[in-house]
Amino acid sequence: MTVSNRLDQTLSTARAEGRTVLSPYITVGFPDVATSVDIAEAILQNGGDLLEIGVPFSDPMADGPTVQKTSFHALQHGVSVQTCLDAVRQLRSRGVESPLMLMGYYNPFLKYGLRDLVRDAAAAGVQGLIVPDLPPEESSDLESLCAENNIHQIHFVALTSTDERLKYICARASGFIYCVAVLGVTGARQSIHAGVAELVGRVKRHTDVPVIQGFGVSSKEHIDAIANYADGAIVASAMFDAIEHAPADRKVQAAVDFVRALKGIS
């Protein structure tokens, strides 16, 4: 799939500068819709290079307890795919230019209608679509729709991926490859799995598409380690913990402080 949009531009610039990108993740509707949009804008102004925008789902098989809790909270308050698209529109209307990826599970997207989803996502200002429960072998229809609308469909590799599967995924990779860095679900971890650097090295033997590591990233030390072998890192659960424990009037600032600390910004 050949696509070029602001995601490619951001990753290309970072690579040329020798800089590791940081992609925070938000769940639309946590702690509420308005605050989640404020958090998104603020963290992109304070060290975030791109952003994953989480669409809440009742059965998020790849998510650990923290992200599950944010999704449950959002669903309890009526957040839908449409709400998430509206959040993207709000960010663009505020002048946010950073790449935005919509991350969600296949069921809500299918119910919305794949063609409508991709068309509306493109119109709202989305550059990438991440669907963790859609195997690449079954994603041809969505890939085609994404290509028609200048959106990247992001594929995953894992510590258990064989060389044959890595070749298959790399051959159709677009935007970036999402490297799952744990044997399990999302959630803050104390350390990075010893096999991740080797996995990224195996991926890079098959493609020049950037590799961004997610699952378990929670500290500047993690970011510094990832910079030695990958192109970027995704952080979610540890930031959500900081937001949850902050007073109501400090939740946006808590997210900002967390992201600035990850980037070493004083």
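Two rings of Phe, Tyr or Trp form an aromatic pair if their centres lie within 6.5 Å; planes over 60 degrees apart make the pair edge-to-face. The exercises below apply this and other terms to a predicted model.

**Exercise 1. Aromatic pairs**

Find how many aromatic pairs the whole structure holds, then classify the pair of F30 and F240.

*Solution.*
Step 1. A search of the whole structure returns four aromatic pairs.
Step 2. Take F30 and F240. Their ring centres are 5.5 Å apart, and the planes meet at 80 degrees. The cut-off for edge-to-face is over 60 degrees, so this pair is edge-to-face.
Step 3. Place the two residues. F30 sits in the loop between β1 (21–27) and α2 (33–44), while F240 belongs to helix α11 (residues 237–245). The pair therefore ties together parts that are 210 residues apart in sequence.
Step 4. Check burial. The limit for buried is under 20% relative accessible area. F30 has 13% relative accessibility, so F30 counts as buried. F240 is buried too, at 2%.
Step 5. Look for further partners. Ring pairs join Y25 to F30 and F240 in a cluster.

**Exercise 2. Strand β5 and its neighbours**

Describe the surroundings of strand β5 (residues 152–158): is the strand mostly covered or uncovered, and which strands pair with β5?

*Solution.*
Step 1. Of the seven residues in β5, six are buried, and the strand is mostly covered.
Step 2. Start with strand β4 (residues 128–130). β4 and β5 are parallel and share three bridges. One bridge sets G128 against H152 of β5.
Step 3. Turn to strand β6 (residues 177–180). β6 also runs parallel to β5, with four bridges between them. Here H155 faces I177 of β6.
Step 4. Add the helices. Helix α7 (residues 140–148) completes a right-handed β-α-β unit with β4 and β5. Helix α8 (residues 163–171) does so with β5 and β6, and this unit is right-handed as well.

**Exercise 3. The second largest pocket**

State the volume of the second largest pocket, and find which helix gives the largest share of its lining.

*Solution.*
Step 1. The volume is about 180 Å³.
Step 2. List the lining: V55, P56, L75, V79, S80, V81, N107, P108, K111 and Y112.
Step 3. Assign the largest share. Helix α5 (residues 106–112) supplies four lining residues.
Step 4. Sort the lining by character. Seven residues are nonpolar, two are polar and one is charged.

How values were computed. Residues are numbered from 1 along each chain as its sequence is written. This is a predicted model: local features need pLDDT of at least 70, side-chain atom pairs count only at pLDDT 80 or more; totals for chains, interfaces and linings use all residues. Side-chain values use heavy atoms; hydrogens and water are left out. Buried means under 20% relative accessible area, exposed over 50%, partly exposed in between (1.4 Å probe, protein chains only). Helices (H or I, at least four residues) and strands (E, at least two) are DSSP runs, numbered from the N terminus. Two strands pair if DSSP finds at least two bridges between them. A crossover is right-handed if, with the strands pointing away from the viewer, the path from the first strand over the helix to the second runs clockwise. Rings of Phe, Tyr and Trp (its six-membered ring) pair if their centres lie within 6.5 Å; planes under 30 degrees apart count as stacked, over 60 as edge-to-face and the rest as tilted. On a 1 Å grid over the protein atoms alone, a cavity is a set of points where a 1.4 Å probe fits but cannot get out, and a pocket is an open set with protein on both sides within 12 Å along at least five of seven lines; lining residues have an atom within 4 Å of a point. Grid points are joined across faces, edges and corners, and a volume is the space filled by probe spheres set on the points. Ala, Val, Leu, Ile, Met, Phe, Trp, Tyr, Cys and Pro count as nonpolar, Asp, Glu, Lys and Arg as charged, and the others, Gly among them, as polar.
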